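Here's a quick briefing to help you find your way around a new structure. Have the sequence and the 3D view open, and look things up as you read.

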Amino acid sequence: MSATRSISTGIRDCPRLIRFTLKAPTNVEVEFANGSQYNLPAEFLRVFSPAVDSKIRSIGGEKVIYGRRYVGLMSAEPVGNYGVRLLFDDLHKTGIYTWDYFYHLGSNKFTLMRSYINTLRKHGLTRDPRAKK
């Protein structure tokens, strides 16, 4: 049994998704009925996965995903008519990305990424994967 976490996006009336394009391995493009278009890189989607088990490191109670700069997207599987499950090349595949969540990520992309990078710096971590031993 897999667990999921609920993410409140604060979006009450998310515009209708009119286009979803997987540009494997680098990104996903989404377009909404209100004209909003977002290009969401694989690293960004992996770091902000809605799945509970997204290989998170807990540092002082803060959840931090790191070392995913070069993660790639392999596929997208439809889930009902409300979202997709993305499969990454690090084999993460448990998160279901709803259309509302894509809208939230796109609308807040720069703020979220800046916060992510600041969190990594705060803990002495990096976006780059660990060197192989």
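A nonpolar core is a set of buried Ala, Val, Leu, Ile, Met, Phe, Trp, Tyr and Cys residues joined through side-chain atoms within 4.5 Å. Keep that in mind, along with the fact that what you're looking at is a predicted model. With that term in hand, here's a good place to start: the largest nonpolar core has 31 residues. Helix H2 gives the most to this core, with five residues, and H2 also packs on two sheets, S6-S7-S8 and S1-S2-S3.

**The core**

- Which residues have the most contacts inside the largest nonpolar core? They are Leu 45, Leu 86, Tyr 97, Phe 102 and Leu 105.
- Several elements chip in with two or more residues each: S2, strand S3 (37-41), helix H1 (42-47), S7, H2 and helix H3 (109-122).
- As a general rule, nonpolar side chains in soluble globular proteins tend to be buried together.
- Leu 86 is worth a click: leaving aside its neighbours within four places in sequence, its contacts include Phe 20, Val 28, Leu 45, Leu 73, Tyr 97 and Phe 102.
- Leu 86 also touches Ser 75, Ala 76, His 92, Lys 93 and Gly 95, again leaving aside neighbours within four places in sequence.

**Helix H2**

- Why call H2 (residues 99-107) largely enclosed by the rest of the structure? Because seven of its nine residues are buried.
- The buried ones in H2 are Trp 99, Tyr 101, Phe 102, Tyr 103, His 104, Leu 105 and Gly 106.
- Two of those names, Phe 102 and Leu 105, are also among the residues with the most contacts inside the largest core.

**The sheet S6-S7-S8**

- Three strands make up this open sheet, in the order S6-S7-S8, with antiparallel pairing.
- Strand S6 (73-79) and strand S8 (96-98) sit at the edges, so to speak, each pairing on one side only.
- Neighbouring strands here are turned by 35 degrees against each other on average, direction ignored.
- H2 packs on this sheet and touches S7 and S8, with its direction at about 75 degrees to that of S8.
- S6 and S7 run antiparallel and are joined by six bridges, and one of the pairs to look for is Val 79 with Gly 83 in S7.
- Three residues lie between the strands in the hairpin of S6 and S7, and Gly 80 there takes a positive phi near 55 degrees.
- Strand S7 (residues 83-88) pairs with S8 in the antiparallel sense over three bridges, and Val 84 stands opposite Tyr 97 in S8.
- S7 is mostly covered, with five of its six residues buried.

**The loop between S7 and S8**

- Leu 91 lies in this loop, and its phi is near 70 degrees, a positive value in a residue other than glycine.
- Buried or exposed: which is Leu 91? Leu 91 has a relative accessible area of 63%, so it counts as exposed.
- His 92 has its place in the loop between S7 and S8 too, but at 5% relative accessibility His 92 counts as buried.
- What does the side chain of His 92 make a polar contact with? The partner is the side chain of Ser 49, at 2.8 Å.

**The sheet S1-S2-S3**

- Here again three strands form an open sheet, in the order S1-S2-S3, and the pairing is antiparallel.
- S1 and S3 are the edge strands, each pairing on one side only.
- From one strand to the next, the twist averages 15 degrees.
- H2 packs on this sheet as well, touching S1, S2 and S3, and its direction makes about 85 degrees with that of S3.
- Five bridges hold the antiparallel pairing of S2 and S3, and Val 30 stands opposite Tyr 38 in S3.
- Pro 25 lies in the loop between strand S1 (17-23) and strand S2 (27-32).
- The peptide bond from Ala 24 to Pro 25 is cis, with omega near 5 degrees.

Terms used:
Residues are numbered from 1 along each chain as its sequence is written. This is a predicted model: local features need pLDDT of at least 70, side-chain atom pairs count only at pLDDT 80 or more; totals for chains, interfaces and linings use all residues. Side-chain values use heavy atoms; hydrogens and water are left out. Buried means under 20% relative accessible area, exposed over 50%, partly exposed in between (1.4 Å probe, protein chains only). Helices (H or I, at least four residues) and strands (E, at least two) are DSSP runs, numbered from the N terminus. Two strands pair if DSSP finds at least two bridges between them. Axes are lines fitted to C-alpha atoms, for helices over the stretch in contact, and angles run from 0 to 180 degrees between N-to-C directions. Contact means heavy atoms within 4.5 Å. A polar contact is a pair of N or O atoms within 3.5 Å; within protein, one must be able to donate a hydrogen and the other to accept it, and residues adjacent in sequence count only if both atoms are side-chain atoms.
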